[in-house]
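I opened this notebook to keep track of what I look up in a structure I have not seen before. I'll take it one topic at a time.

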Amino acid sequence: MATTTLTLTRPDDWHLHLRDGAAMADVLPHTARQFARAIVMPNLKPPVTTTAQAVAYRQRILAALPPGLAFEPLMTLYLTDNTSADEIRRAKASGVVHGVKLYPAGATTNSDSGVTDIRRCKVALETMQREDMPLLIHGEVTHAEVDVFDREARFIDEVLIPLRRSFPALRVVLEHITTRAAVQYVTEAEGRIAATITAHHLLYNRNAIFLTPGGRAGVRPHYYCLPVLKREIHRQALLAAATSDNARFFLGTDSAPHPRGEKESACGCAGCFTAATALEMYAMAFEQAGALDRLEAFASFRGADFYRLPRNASRVTLERRDWTVPEELRFGEATVVPLAAGETLPWKLAA
Ligand code: NCD
Ligand code: ZN
């Protein structure tokens with residue numbers, strides 16, 4: 001008989017966009033229902049570049065939590081060409097900043113103040129290595145001449161390998177990996193490296209951007225994120241990594257809400273909103289791979305171990321019950337369309 005409930009140690013989300021203000025207050029409860037903690041991305045407008053800003057952002061998140069929901073935001077700083085050694089030391093001393101995020105300038109949503117050349121960050125990276133502050137990486141090169149589908153693989157060769165040669169003891173998370181090349185690199189590399197994998201990159205290949213599940217053609221902006229969905233061979237490699245017993249691969253949703261109108265536009269922005277359906281989507285992917293028994297290690301253990309935080313003590317239960325993903329959800333003044341809106345998922349998080 002097929003499993004009808006699945007109980008796991010409460011998971012954590014090791015890569016999340018919460019935004020700010022009223023929009024944040026609307027999306028936060030979705031995450032707090034599913035996850036005990038999340039690594040909160042710093043790509044606000046303006047970005048969170050100082051420890052003082054991270055501490056203030058953390059307070060705003062905690063103040064927006066509905067009563068009765070326990071959730072711990074794990075803060076990050078946004079690395080710039082000018083991040084100082086002092087700022088890294090302050091971040092470490094704060095106890096609330098758990099990583100520093102490298103966005104190559106122009107790589108993705110709100111990355112305009114990102115790093116223009118990693119060589120400019122030598123002092124910050126040296127200090128991070130010394131203080132054991134993890135570097136979280138959006139791993140894509142941004143040169144206009146590089147094909148969008150090749151940007152992750154090129155980043156590994158051109159930026160990541162030289163960077164890790166210069167800072168061999170730095171703890172690194174290659175975030176939201178999307179390619180076989182990234183799986184292979186993270187599997188074989190020496191030293192302290194890990195990677196997060198989103199639910200959407202486990203469930204969909206790039207056809208999802210251009211075709212409905214029934215095969216009808218049409219651009220589907222809600223399936224557009226960065227790094228962009230890739231070919232099926234890459235999805236298969238990610239699924240194999242996530243369901244393997246390799247402790248370097250763990251859960252990070254990259255849930256990235258945008259107002260509906262900014263996605264459904266002539267220049268729609270990148271990001272898939274999955275916070276409301278995250279664990280259900282991961283369960284669906286793991287079940288398709290015949291590996292539901294591996295979900296707990298991926299979702300609840302390995303990330304905490306990598307970030308040197310205690311594993312959670314509480315639990316969550318998923319029930320096998322078909323349900324339909326809502327067409328839209330509140331998002332401040334606007335609405336946000338969840339990924340797979342209108343589709344049926346086979347697992348539901350118990351209330
Ligand atoms: C993210 C966002 O919207 O902030 N978008 C995305 O497509 N993933 C930024 C990011 O993580 O690249
Ligand atoms: Zn992200």
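Here are my entries, starting with the metal site.

**Entry 1: what I am looking at**

Note to self: this is a predicted model.

**Entry 2: the zinc ion**

I looked up which protein atoms hold the zinc ion (ligand 2). I found His15 and His17, each through NE2, and Asp254 through OD, lying 2.0 Å from the zinc ion. In sequence terms, the donors follow the spacing H-x1-H-x236-D.

Next I wanted to know how regular the arrangement around the zinc ion (ligand 2) is. The four donor atoms subtend angles of 93 to 142°. To count as tetrahedral, all angles would have to lie between 85 and 135 degrees, so I put the arrangement down as irregular. For reference, the ideal angle for four tetrahedral donors is 109.5 degrees.

Are the two histidines buried or exposed? Histidine 15 is buried, at 1% relative accessible area. Histidine 17 counts as buried too, with 7% relative accessibility.

**Entry 3: aspartate 254**

I gave this donor its own entry. Aspartate 254 sits in the loop between β9 (249–251) and α10 (260–263). Its relative accessibility is 5%, so I count aspartate 254 as buried. The backbone caught my eye as well: phi is positive, about 55°, although aspartate 254 is not a glycine.

Which side chain of opposite charge is nearest to aspartate 254? I got lysine 101, which is 6.5 Å away. Aspartate 254 has no salt bridge, though it is buried. Its side chain does make a polar contact with the side chain of histidine 17, at 2.9 Å.

I also listed its contacts, leaving aside neighbours within four places in sequence. Aspartate 254 touches His15, His17, His176, Thr198, His200, Leu226 and Cys272.

**Entry 4: cis peptide bonds**

Leu226, from the contact list above, turned up again here. The peptide bond from leucine 226 to proline 227 is cis, with omega near -10°. I placed proline 227 in the loop between α8 (207–210) and α9 (232–242).

I noted another cis bond, between lysine 45 and proline 46, where omega is about -5°. Proline 46 belongs to the loop between β3 (37–40) and α2 (51–64).

**Entry 5: arginine 19**

Another positive phi for my notes: arginine 19 has a value of about 60° and is not a glycine. I found arginine 19 in the loop between β2 (13–16) and α1 (21–34). Its relative accessible area is 13%, so arginine 19 is buried.

**Entry 6: helix α9**

Which residues of α9 are buried? I wrote down His234, Arg235, Ala237, Leu238, Leu239, Ala241 and Ala242. Then I checked what covers these buried residues of α9. The cover includes the helices α6 (180–188), α7 (199–203), α11 (278–288) and α12 (295–306). The strands β8 (193–197) and β9 are also part of it.

**Entry 7: salt bridges**

How many salt bridges does the structure hold? I have 19 in my notes, and I looked at some of them one by one.

Arginine 60 and aspartate 20 meet through their side chains at 2.8 Å, N to O. Arginine 60 lies in helix α2 and aspartate 20 in the loop between β2 and α1, so this pair ties together parts that are 40 residues apart in sequence. Both partners are partly exposed: arginine 60 has 37% relative accessibility, and aspartate 20 has a relative accessible area of 28%.

Arginine 119 pairs with aspartate 117, also listed at 2.8 Å, N to O. Arginine 119 counts as exposed at 67% relative accessibility, whereas aspartate 117 is partly exposed at 25%.

The salt bridge between aspartate 132 and arginine 308 is at 2.3 Å, N to O. It links distant parts of the chain, 176 residues apart. I located aspartate 132 in the loop between α4 (122–131) and β6 (135–137), and arginine 308 in the loop between α12 and β10 (315–324). Aspartate 132 is buried, with 17% relative accessible area. Last jotting: salt bridges that share partners join Asp132, Arg171, Arg192 and Arg308 into one network.

Methods:
Residues are numbered from 1 along each chain as its sequence is written. Chains are lettered from A and ligands numbered from 1 in the order in which they are written. This is a predicted model: local features need pLDDT of at least 70, side-chain atom pairs count only at pLDDT 80 or more; totals for chains, interfaces and linings use all residues. Side-chain values use heavy atoms; hydrogens and water are left out. Donors are N, O and S atoms within 2.8 Å of the metal (3.2 Å for Na, K and Ca); water is not among the atoms, so sites may look incomplete. Four donors count as tetrahedral if all angles lie between 85 and 135 degrees; four count as square planar and six as octahedral if opposite donors are over 155 degrees apart and all others between 65 and 115; anything else is irregular. Buried means under 20% relative accessible area, exposed over 50%, partly exposed in between (1.4 Å probe, protein chains only). Helices (H or I, at least four residues) and strands (E, at least two) are DSSP runs, numbered from the N terminus. Lys and Arg count as positive and Asp and Glu as negative; His and the chain ends are not counted. A salt bridge is a side-chain nitrogen of Lys or Arg within 4 Å of a carboxyl oxygen of Asp or Glu. A polar contact is a pair of N or O atoms within 3.5 Å; within protein, one must be able to donate a hydrogen and the other to accept it, and residues adjacent in sequence count only if both atoms are side-chain atoms. Contact means heavy atoms within 4.5 Å.
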